[in-house]
Each structure stands twice: as structure tokens, then as C-alpha cells.
Amino acid sequence: MINQIEPFSHPILVTKPLLPDLQDLNRMLQEIWNSGWVTNGGVKHFKAGHDTKHYQLETKLQEYLKVPGFSLFNNGTTALMVGIKQYLLQGEVITTPFTFAATPHSLVWNNITPVFCDIDNTTLTIDPNEVEKLITEKTTGILGVHVFGMPCHVDSLMAIAKKYKLRVLFDAAHAFGTEIDGTGIGTYGDITMFSFHATKLFNTIEGGGLTYNSPEMKDEIELLKDFGIQSEEKVTSQGLNGKLNEIQAAIGLLNLEIIDDERKKRALIREIYTENLNKIKGINVFSVPNNVRDSYQYFVVRITKDFGFSRDKVYDFLRKYNIQTRKYFYPLCSDFDCYKDTSAVRNKYPVAEKAAKEVLCLPFHGQLQLDEVSKICNLIKEMKYVR
Ligand SMILES: *Cc1c(COP(=O)(O)O)cnc(C)c1O
């Protein structure tokens with residue numbers, strides 16, 4: 001069988017940002033213009049009498065994420081940096097190399113040595129058994145990543161943390177709306193970071209959030225995201241500028257109204273992909289267990305040697321057909337120039353290395369047409385035969 005399949009005439013992108021209706025946004029912008037208040041919208045200013053978009057979004061997201069404490073940030077990285085700062089962590093924090101650069105970098109910006117630890121082959125999240133082996137007298141915390149919306153082994157990690165008196169932090173940049181048996185992912189551990197970057201399902205173009213279980217921590221977190229300025233003449237902590245502005249907050253409010261619709265579209269796309277690709281030997285669809293609410297952040301497959309072509313071959317092949325895919329996460333953070341010859345890398349990561357060579361994120365966003373999804377599946381299926 002030799003088929004001729006035409007490349008797509010337009011590029012099929014791996015993601016497209018969810019954007020609100022422009023007229024709705026204009027209406028909100030008019031409100032912001034009328035108020036003359038464009039940023040500094042945190043709870044402090046709300047209490048001072050400003051009904052800000054920032055405050056509205058913060059309140060709504062706290063509810064959506066089902067968490068006891070929540071603060072908005074101008075991006076996920078500053079949120080994580082502030083979360084680490086809040087606990088005055090130092091020394092070493094054990095984390096995963098199978099993540100985005102921001103995860104270990106946030107530790108380094110707090111003068112902490114990230115110590116990379118191998119991952120679990122099924123969940124692709126940090127392996128609790130390996131974590132325990134890496135604990136030294138300098139260890140102060142564990143920073144796990146809910147990769148592709150797959151929850152870390154939260155209970156095991158929290159049990160280890162309790163035993164060794166460590167803090168548990170989570171990077172939930174991929175896990176917006178993820179729940180385990182109905183419990184918001186942001187309620188596990190001491191703090192959890194979310195990213196609202198344009199590439200994330202819920203976005204404010206740039207933005208982020210920090211969740212915490214002690215609502216009384218909110219004042220301190222809000223101070224840290226606002227230079228530590230408590231009042232006009234009183235500065236109480238060495239904060240940074242982590243504030244989300246009113247325009248970003250407006251986009252967030254509008255995107256929150258359409259997010260469930262986007263989730264439904266992605267659910268359907270996921271179904272078509274899964275149905276078609278699961279039949280192919282060597283293509284394994286990565287999916288969360290039944291008791292976990294899917295974040296629909298990425299559609300990920302692992303391409304094993306049974307498929308007959310390597311992940312890189314599939315990547316190159318699809319590119320020829322105008323289809324963009326992503327090798328998340330390749331290379332591993334432990335292979336970055338800035339980490340590879342440092343004390344962050346203390347052992348080997350055979351599981352993470354294998355995963356990094358096998359994973360591929362396929363195009364996944366609500367504007368993708370169902371026939372486009374079918375064609376992508378067909379191309380993978382027929383890869384042996386098409387030219
Ligand atoms: C996107 C992302 C971040 C960074 O978030 P920003 O909002 O862009 O700062 C951190 N970790 C992971 C795993 C991410 O995917």
C-alpha cells in the first residue's frame with residue numbers, strides 16, 4: 001500500500017491561545033479606562049475601595065481551583081519564586097529533570113541547589129523512592145511537577161516530607177483544573193504554582209498563581225509580590241514585583257467564562273486521537289487515571305521501539321506535512337549547559353532519559369478541526385507507506 005497524502009496547506013500548530021471575544025474585551029477595557037486604575041489591583045487595594053478586575057479574578061480562580069488560599073501573579077515563575085521565598089527554604093531542594101527550565105531556575109534564584117531526581121515511568125512525575133535516596137542534611141524541600149496534568153505521587157511525597165521535616169512544593173503549570181477525586185490539585189503540599197501563560201489552557205497572556213493551605217499566609221504572600229511594601233512608609237519584606245495588571249485580569253475573567261467550552265472541544269479531540277492512535281503498536285497515549293480530572297493541557301504520546309520509527313523520525317515526518325509537534329521535555333534540565341556539570345546532577349536518570357526520547361506532544365487546541373485530527377492520526381498510521 002502506497003498512499004499519497006498531501007501536506008496541510010496551512011501550519012497545524014501545537015497550540016493556540018484561548019482568547020476572549022474582542023468586543024467583550026473592549027467592554028471590559030472601557031471599564032478599566034473609566035476607572036483610570038490599570039494595575040496594583042490586589043486585595044490591599046480592594047480593601048481600600050477599588051473594585052478591581054484583579055480582585056474579581058483572584059476570587060473566582062480560588063473557587064475554580066477549590067483551594068483555601070490563592071494569590072495571582074504576573075507569571076508562574078515569579079509565583080514559584082515567591083512561594084519558595086515564603087518558606088525561607090535554603091540548601092537543597094529535590095526536583096525533577098523532566099520539566100520546563102523555570103522549575104529548577106526558581107530554586108536557583110532563591111540561592112537553593114536543585115537536586116535532580118529520576119521519575120516514575122508511568123506517571124513521568126518525580127519518583128518518591130528515588131527522592132528518599134537523595135535526602136541529605138542540607139535538604140529542605142521537594143519540588144514536584146504535575147507533568148501534563150498528571151498528579152505527582154502526592155501522598156508518598158507528603159509522607160516522606162513529614163518523616164524528614166521537609167516542605168513540599170508543586171509546579172502545577174500543566175494542571176489547571178486538575179482534581180484528584182474532586183479535590184483541587186492546589187491543595188496538596190505547602191504551596192502550588194500555576195501558570196497562566198498564553199500556551200496554557202487557562203491564560204491571561206502572561207500570568208500565574210500561587211495556592212496555599214493556610215489562608216492566613218495571604219498577607220505575607222501579597223506583600224512579597226508587591227515589593228514588601230505594607231504602607232506608604234513601611235516596608236517589611238524584600239519582595240519583588242509579581243503583580244498582574246488589570247488588562248491581564250480582564251482577559252482572565254473573560255477566558256474563565258469560555259474555559260469549559262474549550263475543555264469540551266479538547267475532550268472530543270482527545271477522544272479521536274486516542275481511539276485512532278491506541279490501535280497502533282508502539283504508540284502509547286499518555287492519560288490520567290479515572291479518578292483524576294484531566295487538565296486538557298497537552299495531548300502526549302510515547303513512541304516506543306515497537307513503532308518502528310523513533311520519536312525524532314515522527315517529529316521530522318510530521319513537520320514535512322506542516323504539522324508542528326513538541327518534544328516535551330527534551331533535553332532534560334539535567335542536560336542543560338547551566339546544570340550538567342554542577343552539583344545539581346548527582347546520579348543518573350535512566351527513566352527520565354528514556355521518556356525524554358519517547359514523548360511527543362501532538363497539536364492540541366480547541367480550534368483544531370476534527371478532520372485535521374483524523375488526518376494527523378492517519379499520517380502516523382501510514383507513516384511506513386506514505387512518501
Ligand atoms: C509554563 C511553565 C512554567 C512557567 O510558567 P510561566 O508562567 O511562563 O512563568 C513553569 N513550569 C512548567 C512545567 C511550565 O510548563
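Contact here means heavy atoms within 4.5 Å. The structure is a predicted model, and this report covers its nonpolar cores, one helix and two pockets.

**Helix α11 and its cover**

Helix α11 spans residues 350-358, and its buried residues are Ala352, Ala355, Ala356 and Glu358. An α-helix has 3.6 residues a turn, so residues three or four places apart point the same way. Among the elements that cover the buried residues of α11 are two strands, β14 (299-303) and β15 (359-362), together with helix α10 (311-320).

**Nonpolar cores**

The largest nonpolar core contains 72 residues. Within this core, the residues with the most contacts are Leu57, Leu61, Phe98, Phe148 and Phe176. Helix α9, residues 246-277, contributes the most to the core, namely seven residues. Both domains take part: domain 1 (7-16 + 260-383) and domain 2 (22-254) each supply at least three residues.

Phe148 shows what surrounds one of these core residues. Leaving aside residues up to four places away in sequence, Phe148 touches the aromatic residues Phe98, Phe286, Tyr298, Tyr328 and Phe329, as well as Leu124, His174, Ser295, Val300 and Cys361. A second core, separate from the largest, has 32 residues, including Val314, Leu362, Ile376 and Met383.

**Pockets**

Rolling a probe the size of a water molecule over the atoms shows where empty space is left. The two largest pockets are set side by side below.

| Pocket | Volume | Lining residues by class |
|---|---|---|
| Largest | about 320 Å³ | eight nonpolar, 10 polar, three charged |
| Second largest | about 230 Å³ | three nonpolar, five polar, seven charged |

Where does the largest pocket lie with respect to the domains? Domain 1 (7-16 + 260-383) and domain 2 (22-254) both give residues to its lining, so the largest pocket lies between them. Its lining is made of 21 residues, and those nearest the centre are Phe100, Ala173, Ser195, His197 and Lys200. Helices α4 (76-86) and α5 (102-108) and strand β8 (191-195) are the elements that give two or more residues to this lining.

The second largest pocket is lined by 15 residues, with Val43, Lys44, Asp219, Glu222 and Leu223 closest to its centre. Two or more lining residues come from each of α2 (43-47), α8 (218-224) and β10 (229-231). Which element gives the largest share of this lining? Helix α2 does, with four residues.

Notes: Residues numbered from 1 in each chain as written. Predicted model: local features only at pLDDT ≥ 70, side-chain atom pairs only at ≥ 80, totals over all residues. Heavy atoms only, no water. Core = buried A, V, L, I, M, F, W, Y, C linked by side-chain atoms within 4.5 Å. Buried < 20%, exposed > 50% of the residue type's maximum accessible area, 1.4 Å probe, protein only. Domains from an automatic or database assignment. 1 Å grid on protein atoms, 1.4 Å probe; cavity = no way out; pocket = protein on both sides within 12 Å on 5 of 7 lines; lining within 4 Å. Points joined across faces, edges and corners; volume = space filled by probe spheres on them. Nonpolar A, V, L, I, M, F, W, Y, C, P; charged D, E, K, R; others polar.
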